[in-house]
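Here is a short report on a protein model. It covers one residue, one helix and the nonpolar cores.

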Amino acid sequence: MEHWDGQMDLFDANPQREVSPDQKVVVFDLETQRSFAEVGGRSQLHKLGVSIGVAYRYDRDEFLVVTEDEIQQLIEWLLDADLVVGYNIRGFDYEVLRAYTDQDLHKLPTFDIMYDLEERLGFRPKLESVASPTLGVGKSADGLQALEWWRLGEVDKIADYCREDVRVTRDLYNFGKRHRWVHVDRFGGKPRKVEVNW
C-alpha cells in the first residue's frame, strides 16, 4: 500500500478495466424502517424492515427504486446478476433481506467494497471516508436522517438519498476498477492512497 503524495494521477486509467455493458452487474443499497435499538441490536437485522431499496444495473444503465411491497423486484435483480456490488452489503443489506426471501443471498457472486478495503487496511472505513477523498463527493445524508424521514412519511427523500448512495457506490467501484486505487481519509492526516484490484 502506498501513501498518497497529493498528486491526482488520473491518467493511469485503463478502459479495458471498465464493466462490460453486457455484464449483469448490480449495485444496490437499502434503507430501513427501524433502528438497531428498536429491534434489539445488531443481531436482529432481519427485523429492521426495508423502507426503500435502490439498485443500478450496468447492462440496462437503469436504476430500480422499490418500497417494501416491491422488494421482490430488487431481489430478482440480485438473483439474476453476474455480480452484485455494494458497500457493507454482506454484513447489513443481505441480512435485512433475509426477512423477504428464503434464498441464501450470501451465495451470490458478490463484491463488497468495504470488506475488500478492510482486508487491505485492517479496519472498516465508512463509505464517506472513501468516496469523499476519491470522488470529491460525500453522502447527502445518513441512516439516522433516513429513519427520521420514514417516521415523517417522507419516502421520496429516502429514495433520493438511497439512489445517491447507490450512484456514489457505483462511481467509486468504477473509479477503483479503472485506476486500481482509491483514497481513504485518515484522522488528522492526508488521505491514504490504497491500491485495489477490482
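Serine 35 counts as buried, because its relative accessibility is 17% and the cut-off for buried is under 20%. The model is a predicted one. Serine 35 sits in the loop that runs between β1 and α1 (36–39). Neighbours within four places in sequence aside, serine 35 is in contact with Leu48 and Leu147. Leucine 147 is 112 residues away along the chain, yet the two C-alpha atoms are separated by 7.3 Å.

Next, helix α2. This helix covers residues 71–80, and its buried residues are Ile71, Leu74, Ile75, Trp77 and Leu78. They fall within an arc of 155° seen down the axis of α2, so they line one face of the helix. Their cover includes strands β1, β2, β3 (62–67) and β4, along with α3 (89–97).

Now the cores. The largest nonpolar core holds 36 residues. Within it, Val85, Ile113, Leu117, Tyr173, Val182 and Trp198 touch the most other members. The elements tabulated here each supply at least two residues of this core.

| Element | Residues |
|---|---|
| β1 | 25–32 |
| β2 | 50–57 |
| β4 | 83–86 |
| α4 | 113–121 |
| α5 | 127–135 |
| α6 | 143–152 |
| α7 | 155–179 |
| β6 | 181–186 |

Which helix gives the most to this core? It is α7, with nine residues. Another core, of 25 residues, lies apart from this one. Its members include Val39, Leu45, Ile71 and Tyr94. Ile71 is also one of the buried residues of α2.

How values were computed. Residues are numbered from 1 along each chain as its sequence is written. This is a predicted model: local features need pLDDT of at least 70, side-chain atom pairs count only at pLDDT 80 or more; totals for chains, interfaces and linings use all residues. Side-chain values use heavy atoms; hydrogens and water are left out. A nonpolar core is a set of buried Ala, Val, Leu, Ile, Met, Phe, Trp, Tyr and Cys residues joined through side-chain atoms within 4.5 Å. Buried means under 20% relative accessible area, exposed over 50%, partly exposed in between (1.4 Å probe, protein chains only). Helices (H or I, at least four residues) and strands (E, at least two) are DSSP runs, numbered from the N terminus. The arc is that of the directions from the helix axis to the C-beta atoms. Contact means heavy atoms within 4.5 Å.
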